[in-house]
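Biologist: Here is the model. I would like to go through the ligand site and the terms used for it.

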Amino acid sequence: MPVVGMGTWKTFDVEGAEKNARKRMVREALDLGVRLYDTSPMYGLAEDVLADALRGSRDEAIVADKVWAGSREEGLRQVARALDIYEGTVEVFQVHNLRLWQEHLPELERRKRADEILALGVTHYNHAAFAELEEVMRTGRIEMVQVPYNLLDREVERKVLPLADKLGLGVLVMEPLGTGALARKAPAPEQVEPFLGNGVTTWAQVCLKWVLSDPRVTCVIPATSNPDHMRQNAAAGSGPWYDEQERAAIADLMA
Ligand SMILES: NC(=O)c1ccc[n+]([C@@H]2O[C@H](COP(=O)([O-])OP(=O)(O)OC[C@H]3O[C@@H](n4cnc5c(N)ncnc54)[C@H](OP(=O)(O)O)[C@@H]3O)[C@@H](O)[C@H]2O)c1
């Protein structure tokens, strides 16, 4: 069954009162069943803010962190640091934007053999990098991929999703709301109305549920700094899912 997680790019790169607000939001999100949190050393303070937010609740969360380093040595430092701040375990460790993946995978594999990491993955947002992403998928060395997928960006439907399905890889979906563009592009209420129900009351939720209704998707990770949006996103994460006809009709609204 696919699930709703949470991204931390931009939204968790905060200090002071904002940081406390994110900590409260994570606590509430955990209570609503949002378990997977995606972060990266590329996201400023986000890795640390998330680690602080999970203190005392670490066993309730799945952390999907990344290595994003221009050298093997820097990668080793990032991995060691992440394992330290996340109390000895990072459930999903990804190579961010495929950056030096050949250099970083051996250390991630070593940490996996030591049970400090449960699953390995790679990410990329850029269609031009998908051929290389597919190459890594075929190596058999990773269990997850993270790619963009939303009503405005369906490129992964061509090759990445079929390959993930064939290889049995998990799919984390970044940018499920088109980095916010989709939420701002809501069709007229009467066009959205047929797709509401079962806890789905907003267009943003329809967009998330549209992604989650693709059986090849494991988890969407929308980012938000707004607790009300977080509640909406969490509520989009349970069935019944849209069937193929409904998905096509929703996609037509954005055509
Ligand atoms: N290369 C990579 O590995 C890579 C690249 C991109 C992203 N990512 C990961 O994917 C995560 C998600 O991607 P993203 O943050 O770029 O885009 P996104 O999740 O598609 O969109 C985030 C935007 O949507 C808004 N939003 C969220 N929930 C909403 C709702 N219910 N109603 C209305 N607006 C809503 C947020 O604003 P509010 O704060 O106002 O809610 C925010 O501006 C990132 O945080 C990151 O963890 C990874």
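Modeller: An oxygen atom of the ligand is 3.0 Å from a polar backbone atom of Ala-223. The model is predicted, with local features needing pLDDT of at least 70 and side-chain atom pairs counting only at pLDDT 80 or more, while totals for chains, interfaces and linings use all residues. Residues are numbered from 1 along each chain as its sequence is written, and side-chain values use heavy atoms, with hydrogens and water left out.

Biologist: What makes the pair at Thr-224 a polar contact?

Modeller: A polar contact is a pair of N or O atoms within 3.5 Å (within protein, one must be able to donate a hydrogen and the other to accept it, and residues adjacent in sequence count only if both atoms are side-chain atoms). A side-chain N or O atom of Thr-224 is 2.5 Å from a ligand oxygen atom, so the pair meets the cut-off. The ligand alone exposes 900 Å², of which the protein buries 87%; such areas come from the Shrake-Rupley method with a 1.4 Å probe, and for residues only the protein chains shown count as cover.

Biologist: Why is helix α9 called largely enclosed?

Modeller: Buried means under 20% relative accessible area (1.4 Å probe, protein chains only). Ten of the ten residues of α9 (residues 203-212) are buried, so the rest of the structure largely encloses this helix. Among them are Trp-203, Lys-209 and Trp-210.

Biologist: Which residues of the shell around the ligand count as charged, and how many are there?

Modeller: Asp, Glu, Lys and Arg count as charged, and the shell has three such residues, beside ten nonpolar and 15 polar.

Key:
Buried < 20%, exposed > 50% of the residue type's maximum accessible area, 1.4 Å probe, protein only. Helix = DSSP H or I, 4+ residues; strand = E, 2+ residues; numbered from the N terminus.
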